[in-house]
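Me: I have a model open and would like to talk through its pockets and its ligand. Could you take my questions one at a time?

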Amino acid sequence: MSTDDRQDQSPYREDVQPESTTRRSLLKGVAGAAGVAAMPNFLFPALAQGERLVPFTDVPETFLVNPVRPNSTHWLDTREIDSYFTDNEDFYLVQHYGQPEVDNDSYRLRVTGMVDKELDLSLDDLKQRDVFEQQVGFECGGNGRRLFNGLVGNAYWRGVTLHRLLEEAGIQDGAKEIVFFGADIQLQEVHSRGVEVEKAFARSLSIEDAMRPENMLAYEMNGEALPHYHGKPVRLLVPGHYGVANVKWLTQIHVQDRRYMGRFMGRDYVTLKKENVGGVERWVENSVAEMNLKSTIVRVVENGGNYTIQGFALNDGTPLESIEVKVDDGPWRRAQINPRSTKYAWKLFSFDWADATPGEHTIVSRVTDINGNVQLTEAEMPEKPASSYWEDFAQFPRTITL
Ligand SMILES: Nc1nc2c(c(=O)[nH]1)N[C@H]1C(S)=C(S)[C@@H](COP(=O)(O)O)O[C@H]1N2
Ligand SMILES: [Mo]
């Protein structure tokens with residue numbers, strides 16, 4: 001079901017009429033109007049005339065979406081997701097050390113450490129290299145049901161591949177990890193002994209992970225220069241990983257011969273899972289990395305008495321076998337998956353709830369990948385309470401009254 005993103009010459013095809021060959025020129029004019037009516041419902045169009053969102057009974061009336069404000073977290077009201085690509089202004093925002101100003105003209109990206117040739121590049125230098133573009137969707141490792149999974153977005157990114165740049169620099173023998181530093185710096189208490197030092201936001205990847213061909217340094221998001229809040233002018237994207245991997249305001253890539261132990265690798269965004277370690281049950285801690293197999297229902301739309309259940313799925317890029325929906329104690333039934341979703345994009349799904357009956361209902365989705373991994377219920381993950389903050393990927397039953 002996943003196609004190569006690079007064959008995708010028309011990133012905005014979702015948002016224009018199917019027969020149209022024109023792209024962005026039509027986007028603004030058509031998206032909200034005539035084009036919408038003709039589109040299948042799994043494209044999450046804005047509500048057409050006669051359609052309404054059926055309110056969930058599990059969303060408190062006090063649930064508010066934080067508007068976009070400087071240095072503040074922002075999430076989507078997932079009931080309002082109405083496009084395949086999330087608008088840059090709507091795409092969720094998380095930044096731990098605030099949003100630093102980085103000037104495009106004086107911007108430098110340096111590649112340092114255990115390389116044959118250190119690099120010191122301007123934004124133009126980067127743009128002169130081969131362009132790489134793909135769809136990537138991701139969620140924060142801290143996304144979850146308390147925000148109705150709003151720390152999420154899906155976008156079309158342009159930039160350069162990371163591995164080409166690393167090959168250009170030439171990684172030396174003995175190198176183990178690559179550290180990606182952002183321009184955002186804050187005083188951090190490092191070892192809880194009251195000592196504070198200045199630290200930049202940073203994350204690392206093993207050499208092997210860093211050389212994955214899909215990793216990219218993005219300078220464009222949905223056809224616009226990368227916006228300030230999303231890491232202007234350049235950010236790392238590690239497709240298939242939780243958002244924390246995607247270092248914004250990227251200024252330095254450092255190759256070293258040891259593990260990087262900074263806060264966001266070693267202390268924060270660390271999951272705890274009970275695992276069988278060679279026959280012994282042990283609690284294991286890991287840095288948040290690949291996204292777990294997850295789906296969630298985000299909205300139910302009613303039109304003339306017909307109900308449609310819609311949601312999204314995310315994972316590490318493994319192709320999906322199915323997304324299914326269950327109503328109350330009924331059987332699992334297949335939802336339609338948007339066929340335009342590429343490997344690392346989110347997968348929007350839609351289920352035609354033809355036999356909906358008035359009353360209260362519990363609806364839930366689950367996703368299965370081609371390797372037979374199935375999204376479990378919370379009860380099937382007994383270790384979950386201890387690790388519940390990071391990686392909330394259990395099935396999420398929603399309640400609704402028709
Ligand atoms: N430099 C920098 N990059 C960062 C962060 C940060 O605090 N500083 N936050 C990370 C986290 S935790 C997430 S979830 C994503 C959010 O990206 P977005 O704000 O563009 O959605 O950025 C990641 N990259
Ligand atoms: Mo995050």
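Me: Which elements each supply at least two residues of the lining of the second largest pocket?
Reply: Happy to help! In this predicted model, they are β7 (196-206), α6 (263-267) and β13 (280-287). With four residues, β7 gives the most to that lining.

Me: What makes Glu177 a lining residue of the second largest pocket?
Reply: A lining residue needs an atom within 4 Å of a grid point of the pocket. Glu177 is among the 18 residues that line the second largest pocket, and also one of the closest to its centre, along with Ser204, Met265, Asn286 and Ser287. The volume of this pocket is about 420 Å³, and its lining has six nonpolar, six polar and six charged residues.

Me: Why is the pair between Lys248 and ligand 1 called a polar contact?
Reply: The cut-off for a pair of N or O atoms is 3.5 Å. An N or O atom in the Lys248 side chain is 2.5 Å from an oxygen atom of ligand 1, so the pair qualifies. Backbone N or O atoms serve in two other cases: Val94, at 3.1 Å from a ligand oxygen, and Asn246, at 3.0 Å from a ligand nitrogen.

Me: How do you know that ligand 1 is covered by the protein?
Reply: On its own, ligand 1 has 530 Å² of accessible area, and the protein covers 100% of that. Ligand 1 sits in the largest cavity.

Me: What classes of residue make up the shell around ligand 1?
Reply: Ten are nonpolar, five polar and three charged. The closest of the 18 surrounding residues are Tyr92, Asp184, His230, Arg235 and Lys248.

Key:
Residues are numbered from 1 along each chain as its sequence is written. Chains are lettered from A and ligands numbered from 1 in the order in which they are written. This is a predicted model: local features need pLDDT of at least 70, side-chain atom pairs count only at pLDDT 80 or more; totals for chains, interfaces and linings use all residues. Side-chain values use heavy atoms; hydrogens and water are left out. A residue is near a molecule or strand if one of its heavy atoms lies within 4 Å of it. A polar contact is a pair of N or O atoms within 3.5 Å; within protein, one must be able to donate a hydrogen and the other to accept it, and residues adjacent in sequence count only if both atoms are side-chain atoms. Accessible areas come from the Shrake-Rupley method with a 1.4 Å probe; for residues, only the protein chains shown count as cover. On a 1 Å grid over the protein atoms alone, a cavity is a set of points where a 1.4 Å probe fits but cannot get out, and a pocket is an open set with protein on both sides within 12 Å along at least five of seven lines; lining residues have an atom within 4 Å of a point. A molecule sits in a cavity or pocket if more than half of its atoms lie within 2 Å of its grid points. Ala, Val, Leu, Ile, Met, Phe, Trp, Tyr, Cys and Pro count as nonpolar, Asp, Glu, Lys and Arg as charged, and the others, Gly among them, as polar. Grid points are joined across faces, edges and corners, and a volume is the space filled by probe spheres set on the points.
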